[in-house]
Amino acid sequence: MTTPGAADEPMALAAERLRTAGMRVTAPRMAVLMAVSDSGGHLDADTLRERAQRIIGRLSLQATYNVLRALTDAGLVRSTQIAGHPTRYETERHDNHHHFVCRACGSIRDVECTVGAAPCIEPRLPEEYDIREAAVTFWGLCPGCRATASAS
């Protein structure tokens with residue numbers, strides 16, 4: 001048995017996150033933010049649109065892109081462009097993580113910054129440059145595809 005109002009809790013949490021970020025609260029923003037938060041990350045705009053539509057009904061792809069841009073600009077969502085893939089979106093955690101992409105199945109996994117301090121690499125640039133972030137993509141085979149490739 002669900003508690004009265006329990007179904008509204010995720011919407012209330014999304015609304016609070018929008019307000020905290022200084023954003024106007026709208027149904028599309030709440031629905032897309034919920035879709036991103038519930039996804040575990042790395043979904044494209046079309047998939048997020050489908051999930052948001054389950055919450056609020058009709059939502060155009062253009063409106064979805066507009067909302068994703070606003071959420072990204074507000075620091076609530078992180079967009080990642082990986083060569084050969086549509087832009088992917090995930091909850092912004094401000095942790096400077098990187099990504100691993102499987103060349104066989106296309107799955108994407110987060111890779112923590114494990115070597116040195118962020119941004120994890122030491123570029124050779126004059127000290128006047130202020131580096132804030134590094135986007136590193138590792139390419140290879142995920143365990144499932146690797147096992148399949150080894151078995152062949």
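## A look at the core and the whole chain

In this predicted model, the largest nonpolar core is built from 23 residues, and V32 and L71 have the most contacts inside it. Four elements give two or more residues each to this core: α1 (9–20), α2 (27–39), α3 (45–56) and α4 (61–73). Of these, α2 gives the most, with 7 residues. As background, nonpolar side chains in soluble globular proteins tend to be buried together.

Which residues does V32 touch, if those up to four places away in sequence are not counted? Its partners are A52, L59, T64, V67, L68 and L71. So that you can find the helices of the core in the structure, here they are with their residue ranges.

| Element giving two or more residues to the core | Residue range |
|---|---|
| α1 | 9–20 |
| α2 | 27–39 |
| α3 | 45–56 |
| α4 | 61–73 |

Now step back to the whole chain. Its secondary structure comes to 5 helices and 5 strands. Following the sequence, you meet them in the pattern α-α-α-α-β-β-β-β-β-α. Along the principal axes, the C-alpha atoms fill a box of roughly 50 × 50 × 30 Å.

The chain has 152 residues, and 32% of them are buried. Among contacts between residues at least 6 apart in sequence, 46% join residues at least 24 apart.

What about the surface and the charges? The chain exposes about 9900 Å², with carbon and sulfur atoms supplying 51% of that area. There are 17 positive and 18 negative side chains, and the centres of these two sets lie 6 Å apart.

Terms used. Residues are numbered from 1 along each chain as its sequence is written. This is a predicted model: local features need pLDDT of at least 70, side-chain atom pairs count only at pLDDT 80 or more; totals for chains, interfaces and linings use all residues. Side-chain values use heavy atoms; hydrogens and water are left out. A nonpolar core is a set of buried Ala, Val, Leu, Ile, Met, Phe, Trp, Tyr and Cys residues joined through side-chain atoms within 4.5 Å. Buried means under 20% relative accessible area, exposed over 50%, partly exposed in between (1.4 Å probe, protein chains only). Contact means heavy atoms within 4.5 Å. Accessible areas come from the Shrake-Rupley method with a 1.4 Å probe; for residues, only the protein chains shown count as cover. Lys and Arg count as positive and Asp and Glu as negative; His and the chain ends are not counted. The place of a charge is taken as NZ of Lys, CZ of Arg, CG of Asp or CD of Glu.
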